[in-house]
Amino acid sequence: MDLVAQYWPFVVGLMITGVCSGIAAGLLGIGGGAIIVPALSTALSLMGYDGDVVQHVAVGTSLAIIIPTGIVSARSHYKRGALDIATLKLWVPFIVAGTFIGGLVAGYFSGNVLRIVFAFMAFLIAANIIFAFQTRLMGHLKGSALTHRISASVVGFISALMGIGGGSLSVPTLVAFGATMHAAVGTSAAIGVAIAVSGTLGFAISGWGAEGLPPLSLGYINLVAMLLVAVLAAVFAPMGAALAHKLNQQTLKYVFAGFLVLVGLNMLWKVLAG
């Protein structure tokens with residue numbers, strides 16, 4: 001009973017996180033990492049866990065949660081013919097390598113370094129959503145296989161440090177390289193699975209034996225959070241999708257960008273507040 005009393009606020013926090021991330025995934029077309037990472041880190045912080053452990057567990061667990069949701073999404077896009085197999089084959093080996101390295105080296109970074117990376121990339125992604133500067137900068141390189149491979153490695157590495165499935169990075173990159181929006185989204189869903197699997201393994205290894213982890217953790221992967229958030233996210237994602245169809249696409253774009261800015265500011269506040 002003492003154990004239940006101690007951890008029930010954590011469980012309630014995880015349930016709220018699952019609901020919010022599911023709605024956000026359906027509404028904004030993201031894997032939910034942008035919701036899961038700050039929400040899970042906040043829930044763990046409120047329970048008194050060390051700040052460095054908190055951010056690592058939040059990022060690693062977020063990647064693990066993305067695996068099942070990403071597989072379902074990728075299958076759906078594949079059935080609709082919106083998955084570019086040639087591009088997927090070109091990206092996957094390099095994105096797996098980049099993500100695995102990111103997951104491994106994350107253990108050497110402080111929690112604040114991971115927060116700063118998350119915040120900076122959130123601001124950059126938001127700016128790209130509004131101003132679409134990536135297409136202007138990279139569009140002329142779309143025929144270069146080397147550019148694809150470098151991009152895949154960078155997307156994988158950064159996605160591992162942020163705890164996201166990479167859609168916010170890979171979709172605009174693929175569009176800049178000439179893919180249609182449907183093909184970019186579908187291919188990105190499959191890329192997200194590769195990112196999640198590789199990053200999860202990296203965080204599990206780098207966190208193995210770390211001190212101060214929440215109960216039922218494999219390295220930096222918390223199994224309780226993974227189960228609760230994944231199930232509730234899957235249940236509530238259709239609600240977000242239904243809401244998305246009622247909103248103008250331009251409005252959605254600005255909602256997503258605004259959300260990323262708020263998340264980035266929240267991460268920076270945690271760094272400054274100590």
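The expected span of a helix is 1.5 Å times one less than its number of residues, and that rule is the starting point for this tour of a predicted model.

**First stop: helix α4**

Select residues 85-105, which form helix α4. With 21 residues at 1.5 Å a residue, this helix should span 30 Å, and because its end C-alpha atoms are 30 Å apart, the model agrees with the expectation. Now look at the start of α4, where a side-chain oxygen of Asp 84 comes to within 3.2 Å of the backbone nitrogen of Ala 86. Moving along the helix, stop at Trp 91, where α4 bends by about 35 degrees, and then find the proline that follows within four residues, Pro 93.

Which residues of α4 are buried? Colour Thr 87, Leu 88, Trp 91, Ile 95, Gly 98, Thr 99, Gly 102 and Gly 103, for these are the buried ones. As you look at how they are placed, remember that an α-helix has 3.6 residues a turn, so residues three or four places apart point the same way.

**Second stop: where α4 meets α7**

Keep α4 on display and add helix α7, residues 145-162, whose axis comes within 7 Å of the axis of α4 and crosses that axis at roughly 30 degrees. The crossing of these two helices is right-handed. Among the residues that make the contact are Trp 91, Ile 95, Gly 98 and Thr 99 on the α4 side, and Ser 153, Gly 156, Phe 157 and Ala 160 on the α7 side.

Zoom in on Thr 99 of α4, which counts as buried because its relative accessibility is 0%. Its side chain reaches the backbone oxygen of Gly 156 at 3.3 Å. Leaving aside neighbours within four places in sequence, Thr 99 is in contact with Gly 156, Phe 157 and Ala 160, and also with Ile 195, Ser 198 and Gly 199.

**Third stop: α8 and α9**

Next select helix α8, residues 167-176, in which Leu 169, Ser 170, Val 171, Thr 173, Leu 174 and Ala 176 are buried. Just after this helix, Gly 178 takes a positive phi of about 105 degrees.

From there go to Ser 188 in helix α9, residues 181-206. At 5% relative accessibility, Ser 188 counts as buried, and, apart from neighbours within four places in sequence, its contacts are Gly 166, Gly 167, Ser 170, Val 171 and Leu 174.

**Fourth stop: Ala 74**

Select Ala 74 in helix α3, residues 51-79, a residue that is buried, with a relative accessible area of 11%. Not counting residues up to four places away in sequence, Ala 74 touches Leu 83, Ala 189 and Ala 190. If you draw a distance from its C-alpha atom to that of Ile 191, you should find 8.6 Å, although the two residues are 117 apart in sequence.

**Fifth stop: Leu 216**

Buried or exposed: what is Leu 216? Find this residue in the loop between α9 and β1; it counts as exposed, because its relative accessibility is 59% and the cut-off for exposed is over 50%. Most residues other than glycine have a negative phi, yet Leu 216, which is not a glycine, has a positive phi of about 60 degrees.

**Last stop: the whole chain**

Finally, show the whole protein chain, which has eleven helices and two strands. Starting from the N terminus, the elements run α-α-α-α-α-α-α-α-α-β-β-α-α. Of its 274 residues, 47% count as buried. Among contacts with a separation of 6 or more, 79% are between residues 24 or more positions apart.

Conventions
Residues are numbered from 1 along each chain as its sequence is written. This is a predicted model: local features need pLDDT of at least 70, side-chain atom pairs count only at pLDDT 80 or more; totals for chains, interfaces and linings use all residues. Side-chain values use heavy atoms; hydrogens and water are left out. The bend at a residue is the angle between axes fitted to the seven residues ending there and the seven starting there. Buried means under 20% relative accessible area, exposed over 50%, partly exposed in between (1.4 Å probe, protein chains only). A polar contact is a pair of N or O atoms within 3.5 Å; within protein, one must be able to donate a hydrogen and the other to accept it, and residues adjacent in sequence count only if both atoms are side-chain atoms. Contact means heavy atoms within 4.5 Å. Axes are lines fitted to C-alpha atoms, for helices over the stretch in contact, and angles run from 0 to 180 degrees between N-to-C directions. A crossing is left-handed if the near helix is turned anticlockwise from the far one by less than a right angle, and right-handed if clockwise.
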